[in-house]
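Visitor: I should like to understand how the descriptive terms for this model are justified. Please set each value against its criterion.

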Amino acid sequence: MKTLEKQSLAAYIEPALTYVEDPKLKSALLNALSNKEAELALIEDTFEKIGSTKWTEDSFKMIFNAWKETHLKMLAIYGLSCRMQRIAIESEDPSIQKNELLMAAAMNAETSYEDLGLDFDGETHTQLYHDLAESFVSDDSWMLSKYATKEASAFKKYVYRNMVVAEDIQTGLFTNMFSEIYNHAEYSIALVAFNRLIDDHFSFTPEQKQKATTYIFAHIEDETELNHFTVVIDSLNHYVKGVNTEINYELAQETFETYLSKLSTVFNALSEKMF
Ligand SMILES: [Fe+2]
Ligand SMILES: [Fe+2]
């Protein structure tokens, strides 16, 4: 078995920050990463653990149930775009710049093109995720609530509420933005973990391996998540222009940090339950 270098999430996130032109937004991101180093390390350790051995069927079901809850936020993306377009269409405030708001809504929605399978004959990321999960378990019962953890369910709810319900729409944009840059890094370390898991502990054919890892690979090739990250920054800039406000950098950093804190509790709970 080959020894692997420890995979660092920050090592994948930080180079991507060269795409952030706004120095205050960049600082908010960097500060959040350095304030949440312990949380990031815990997530890295969990992926390393996932890749280290052939887990029991029940453990794999918990892994795939929990991991799914931290991704596939299409409904929340749609909700956030609806909120911005609704202001554009319904507001009677003459200071509102409708075109800017409609652009903000459209650019936010752009983060779901791949998830919806627009250019992939309608093959959704949900389908690809099922292909991943069902490569390691014998049936689709991993979706049942008996394999759920309360931490992962709470995380999904937290993301949805941030994007669809939170009073300030910027909270939703910061949540979508951060999840994209974070996911870019997470999928990068997850690919290493799952390749290792398959190579060391399973005897998949090349076709089976490809089917299992397409979900993860799809997010890394063509820098899909990185493009989503920059398009949400564009959406934010249109939004603040549209409603004549300033970017709330304090709220940005707070949102990024809370996202990581809550996410690390998901991985912590999962790691403790795996056997
Ligand atoms: Fe996706
Ligand atoms: Fe994305």
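Visitor: Why are helix 8 and helix 11 called oblique to each other?
Guide: The axes of helix 8 (residues 125-133) and helix 11 (residues 206-220) cross at roughly 135 degrees and come within 7 Å. Axes are lines fitted to C-alpha atoms, for helices over the stretch in contact, and angles run from 0 to 180 degrees between N-to-C directions. Angles under 35 degrees count as roughly parallel, over 145 as roughly antiparallel, 65 to 115 as roughly perpendicular and the rest as oblique. Helix 8 and helix 11 are therefore oblique. Their crossing is left-handed, a term for a near helix turned anticlockwise from the far one by less than a right angle.

Visitor: Which residues make this contact, and how do they divide by class?
Guide: Helix 8 contributes His-125, Leu-128, Tyr-129, Asp-131 and Leu-132, while helix 11 contributes Lys-211, Ala-212, Thr-214, Tyr-215, Ile-216 and Ala-218. Contact requires C-beta atoms, placed from the backbone, within 7 Å of each other. The division is 7 nonpolar, 2 polar and 2 charged. Here Ala, Val, Leu, Ile, Met, Phe, Trp, Tyr, Cys and Pro count as nonpolar, Asp, Glu, Lys and Arg as charged, and the others, Gly among them, as polar.

Visitor: On what kind of model do these statements rest?
Guide: The model is predicted: local features need pLDDT of at least 70 and side-chain atom pairs count only at pLDDT 80 or more, whereas totals for chains, interfaces and linings use all residues. Residues are numbered from 1 along each chain as its sequence is written, and chains are lettered from A and ligands numbered from 1 in the order in which they are written.

Visitor: What makes helix 9 and helix 10 oblique?
Guide: The axes of helix 9 (residues 150-164) and helix 10 (residues 169-201) come within 6 Å and cross at roughly 130 degrees. Helix 9 and helix 10 are therefore oblique as well. Val-159, Asn-162 and Met-163 of helix 9 meet Thr-171, Gly-172, Thr-175 and Asn-176 of helix 10. This contact has 2 nonpolar, 5 polar and no charged residues.

Visitor: How many helices and strands are there, and why is the chain called as compact as a globular protein?
Guide: The chain has 13 helices and 0 strands; helices (H or I, at least four residues) and strands (E, at least two) are DSSP runs, numbered from the N terminus. The radius of gyration is 19 Å, close to the 19 Å from the globule rule for 275 residues, so the chain is as compact as a globular protein of that length. The radius is taken over C-alpha atoms, and the rule is 2.2 Å times the number of residues to the power 0.38.

Visitor: Why is Asn-244 called exposed, and what is notable about its phi?
Guide: Asn-244 has 11 other C-beta atoms within 10 Å and is therefore exposed. A residue is exposed if 12 or fewer other C-beta atoms, placed from the backbone, lie within 10 Å of its own, buried if 20 or more, and partly exposed in between. Asn-244 lies in the loop between helix 12 (224-242) and helix 13 (249-273), and its phi is positive, about 55 degrees, although it is not a glycine. Most residues other than glycine have a negative phi.

Visitor: What makes Leu-72 partly exposed?
Guide: Leu-72 has 16 other C-beta atoms within 10 Å and is therefore partly exposed. Leu-72 lies in the loop between helix 4 (57-69) and helix 5 (74-90), and has a positive phi near 50 degrees.

Note on methods
Two residues are in contact if their C-beta atoms, placed from the backbone, lie within 7 Å.
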